[in-house]
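Let's take a walk through the empty spaces of this protein. Have the viewer ready, and we will go pocket by pocket.

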Amino acid sequence: FAENTQYQGAVRFLNETETPAEEITEEVLEEADEHQVFYTTTDGLNIETQYEDEDSQGNPLGLQITLTTGAASQGSLTVTLRHEPVKPNDGLDSAGGETDIATSFDVTIE
């Protein structure tokens, strides 16, 4: 990513244990009150995320985000889909629920 830049993003979820892979993003959207996507970073990675969508109760969903970078840095960004989290919450640590999927990406801001 470039320093001091805003990016608009969307996440999709695929069940690749099936052939062909099953698109489950629509299911997450339909059951938005029962799901939330969390974005966490390692210390020192200069990225902030802002939710751009919400469930029917006005709580964040996280399928669409704005990602804003700061100064040059490196680390990882983890995307976690939680099923039946407590809403509202203060982030992944206080959300409870069950993790449907979590995956991390190495990120470099330069």
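**Two pockets and their walls**

Four residues of β1 form the largest share of the lining of the second largest pocket. Keep in mind as you look around that this is a predicted model. Strand β1 covers residues 6–10, and β6 (64–69) and β7 join it in supplying at least two residues each to that lining. The pocket itself holds about 240 Å³ of space. Its lining counts 13 residues, and those closest to the centre are Ala-10, Tyr-39, Ile-65, Leu-67 and Leu-77.

What is the chemical character of this lining, in terms of nonpolar, polar and charged residues? Eleven of the residues are nonpolar and two are polar, with no charged residue.

Now move over to the largest pocket, which has a volume of about 290 Å³. Here 17 residues make up the lining, and you can centre your view on Phe-13, Ile-24, Leu-81, Asp-100 and Ile-101, the closest to the middle of the pocket. Which element gives the most to this lining? That is β8, with four residues. Strand β8 spans 98–109, and at least two lining residues also come from each of β2 (14–15), α1 (25–30) and β7 (73–83).

The chemistry of this lining is worth a look too. It divides into nine nonpolar, four polar and four charged residues. Set that beside the second largest pocket, where the lining has no charged residues.

One element is worth tracing through both sites: β7 supplies at least two residues to the lining of the largest pocket, and at least two to that of the second largest pocket.

Note on methods: Residues numbered from 1 in each chain as written. Predicted model: local features only at pLDDT ≥ 70, side-chain atom pairs only at ≥ 80, totals over all residues. Heavy atoms only, no water. 1 Å grid on protein atoms, 1.4 Å probe; cavity = no way out; pocket = protein on both sides within 12 Å on 5 of 7 lines; lining within 4 Å. Points joined across faces, edges and corners; volume = space filled by probe spheres on them. Nonpolar A, V, L, I, M, F, W, Y, C, P; charged D, E, K, R; others polar.
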